Amino acid sequence: MKQTGVLNAELSKLIATLGHGDMLVIGDAGLPVPPSVPCIDLAVSLGVPTLRQVLDAVLQEICLEKITLAEETEKRSPDLWRFARDHAENKQIQTDKVTHETLKQLSQTSRAVVRTGDITPYTNIILHSGVPF
């Protein structure tokens, strides 16, 4: 059994198999997930777990080249906005802003969507896998 990092077997396997440029979406409880995209549903109840809790665990294990957020996130979910911006700056990762509609369209081509129990509006993020070399 793993002692640290992401313990969910499905999510841990997905992170390990991401290739350069692959997208992983971590979304709130209401983000629509297309039938063609695998959904790793971690939601237990409204608010549990939060997107930030899941994001913190995933960021310990993933190599990123870019983060994408919806423009609406800046005003509606400022804590996520600041955290993502600060993380990107510290790690020298590109940050893209798109409309929420565009984010939902991009999620249709992601490797998977991780659903959290978060109920904060516009609390969704796309992580673009990088390479560690």
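## Buried strands and annotated sites

Asp28 is buried, with just 9% relative accessible area. Keep in mind that this is a predicted model. Asp28 sits in the loop between E1 and E2, and the UniProt annotation "binding site", from an unreviewed entry, covers both Asp28 and His100. Below, the annotated residues come before the strands, helix H1 and two lysines.

**The "binding site" pair**

- Asp28 and His100 span 73 residues in sequence, yet their C-alpha atoms are no more than 12.6 Å apart, so the two gather at one spot.
- The side chain of Asp28 reaches over to the backbone nitrogen of Gly30, at 3.0 Å.
- Setting aside neighbours within four places in sequence, Asp28 is in contact with Leu51, Arg115, Thr116, Asp118, Thr120, Pro121, Tyr122, Thr123 and Asn124.
- His100 belongs to helix H5, which covers residues 100-107.
- Like its partner in the annotation, His100 falls under the 20% cut-off for buried: its relative accessible area is 14%.
- With neighbours within four places in sequence again left out, His100 is in contact with Leu31, Ala70, Glu72, Tyr122 and Asn124.
- Tyr122 and Asn124 turn up in the contact list of Asp28 and also in that of His100.

**The "active site" residue**

- His20 carries the UniProt annotation "active site", which also comes from an unreviewed entry.
- You'll find His20 in the loop between H1 and E1.
- Buried or exposed? His20 counts as exposed, at 52% relative accessibility, and the cut-off for that is over 50%.
- Even so, His20 touches Glu65, Ser129, Gly130 and Val131, with residues up to four places away in sequence not counted.

**Strands E1, E6 and E3**

- Why is E1 largely enclosed by the rest of the structure? Five of the five residues of E1 are buried, so the rest of the structure largely encloses it.
- Both faces of E1 are covered, with Met23, Val25 and Gly27 buried on one side and Leu24 and Ile26 buried on the other.
- E1 pairs with E6 (residues 125-129) in the antiparallel sense, over four bridges, and Leu24 stands opposite Leu127 there.
- E1 also pairs with E5, this time in the parallel sense and over four bridges.
- In that pairing, Gly27 stands opposite Arg115 of E5; Arg115 is also one of the contacts of Asp28.
- E6 is mostly covered too, with five of its five residues buried.
- On one side of E6 the buried residues are Ile125, Leu127 and Ser129, and on the other they are Ile126 and His128.
- E6 and E3 run antiparallel and are joined by four bridges, with Leu64 opposite Ser129 of E6.
- That Ser129 is also among the residues His20 touches.

**Helix H1**

- Which residues of H1 (residues 9-17) are buried? They are Leu11, Ser12, Leu14 and Ile15.
- These four cover an arc of only 160° around the axis, which puts them on the same side of H1.
- The face turned away from that buried side carries the exposed residues Ala9, Lys13 and Ala16.
- The cover over the buried residues of H1 includes strand E1 (23-27), strand E2 (39-41), helix H2 (51-59) and strand E5 (112-115).
- Asn8 caps the N-terminal end of H1, where a side-chain oxygen lies 3.1 Å from the backbone nitrogen of Glu10.

**Two lysines, two environments**

- Lys66 has its place in strand E3 (residues 64-70).
- At 19% relative accessibility, Lys66 counts as buried, given that the cut-off is under 20%.
- The side chain of Lys66 makes a polar contact with the side chain of Asp96, at 3.1 Å.
- Besides Asp96, Lys66 touches Ile93, Gln94, Ile126, Leu127 and His128, leaving out residues up to four places away in sequence.
- Of these contacts, Ile126, Leu127 and His128 are buried residues of E6.
- Lys91 is in helix H4 (residues 78-91) and is exposed, at 55% relative accessible area.
- The C-alpha atoms of Lys91 and Phe133 are separated by 14 Å, and the two residues are 42 residues apart along the chain.

Conventions: Residues are numbered from 1 along each chain as its sequence is written. This is a predicted model: local features need pLDDT of at least 70, side-chain atom pairs count only at pLDDT 80 or more; totals for chains, interfaces and linings use all residues. Side-chain values use heavy atoms; hydrogens and water are left out. Buried means under 20% relative accessible area, exposed over 50%, partly exposed in between (1.4 Å probe, protein chains only). The arc is that of the directions from the helix axis to the C-beta atoms. Contact means heavy atoms within 4.5 Å. A polar contact is a pair of N or O atoms within 3.5 Å; within protein, one must be able to donate a hydrogen and the other to accept it, and residues adjacent in sequence count only if both atoms are side-chain atoms. UniProt positions are given in the numbering used here, feature names are shortened, and annotations may be inferred rather than shown by experiment. Two strands pair if DSSP finds at least two bridges between them.
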